[in-house]
Amino acid sequence: DAAVRQGMPSLGTLFEFGPRLKLHLPAPLPGSRLRLELPLRAVFDVSDSFQRRGFTFEPEIDFDMRLVPGTRLGAKVGLIFGDRQLNDHVYGVAPAFATAARPAYAGKAGLVATRFRLSTATRLSKDWDLFTFARYDTVSGAANEASPLVRKSGGATVGLGLAWTFW
């Protein structure tokens, strides 16, 4: 529903599926954990008969440490890469949808965004956890930063939640 996409086809509801390799690295501090995660995913459009829209590769470094008993702090830094098909689907403007304010543009394979995340998790009881997070994503330096559909280079998200483990 973004104004910049007015008159263009909807992106649909995208669903990712694929393996994730997790490599446990030496812990830098007592009570901490350091992992390199390497997920490779195919992206499908649920609202278009599960048509494949491309692939993503999202390597990230995940650091986690115990602050006090029952409370953990996490920090992640990751990169999101997309193939040409996916990036053109999201960032491309076909000539038929080009306007004076939105010139034609072909999406390119490469970096989609850089992501930074901080989180906390506190065990309230055997089955209940409280968590918070703050995330910042930026397209600065990304392959499609020049797309006419990109209106700002970054965005922040914060959240608070309660998780119940039933099993």
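This passage walks through the two largest pockets of a predicted model and then turns to one glycine, Gly 78.

Empty space in a protein can be found with a simple trick: rolling a probe the size of a water molecule over the atoms shows where it is left. Here, the largest pocket comes out at about 750 Å³. Its lining is made up of 28 residues, and those lying nearest the centre are Val 90, Tyr 91, Val 112, Ala 113 and Val 139. Several parts of the chain pitch in: β1 (14-17), α1 (84-91), β7 (110-123), β8 (128-138) and β9 (154-164) each hand over at least two lining residues. The largest share belongs to α1, with four residues. Sorted by class, the lining has 14 nonpolar residues, eight charged ones and six polar ones.

Next comes the second largest pocket, with a volume of about 280 Å³. Two or more of its lining residues come from each of β5 (60-68), β6 (71-82), β7 and β8. The lining counts 17 residues, and Arg 33, Asp 64, Gly 74, Ser 119 and Ala 121 sit nearest the centre of this pocket. Seven of the lining residues are nonpolar, six are charged and four are polar.

Then there is Gly 78, which is found in strand β6. Gly 78 counts as buried because its relative accessibility is 6%, and the cut-off for buried is under 20%. Leaving aside residues up to four places away in sequence, Gly 78 touches Pro 59, Glu 60, Ala 113, Thr 114 and Arg 115. Glu 58 is 20 residues away from Gly 78 along the chain, yet their C-alpha atoms are separated by 6.7 Å.

Notes: Residues are numbered from 1 along each chain as its sequence is written. This is a predicted model: local features need pLDDT of at least 70, side-chain atom pairs count only at pLDDT 80 or more; totals for chains, interfaces and linings use all residues. Side-chain values use heavy atoms; hydrogens and water are left out. On a 1 Å grid over the protein atoms alone, a cavity is a set of points where a 1.4 Å probe fits but cannot get out, and a pocket is an open set with protein on both sides within 12 Å along at least five of seven lines; lining residues have an atom within 4 Å of a point. Grid points are joined across faces, edges and corners, and a volume is the space filled by probe spheres set on the points. Ala, Val, Leu, Ile, Met, Phe, Trp, Tyr, Cys and Pro count as nonpolar, Asp, Glu, Lys and Arg as charged, and the others, Gly among them, as polar. Buried means under 20% relative accessible area, exposed over 50%, partly exposed in between (1.4 Å probe, protein chains only). Contact means heavy atoms within 4.5 Å.
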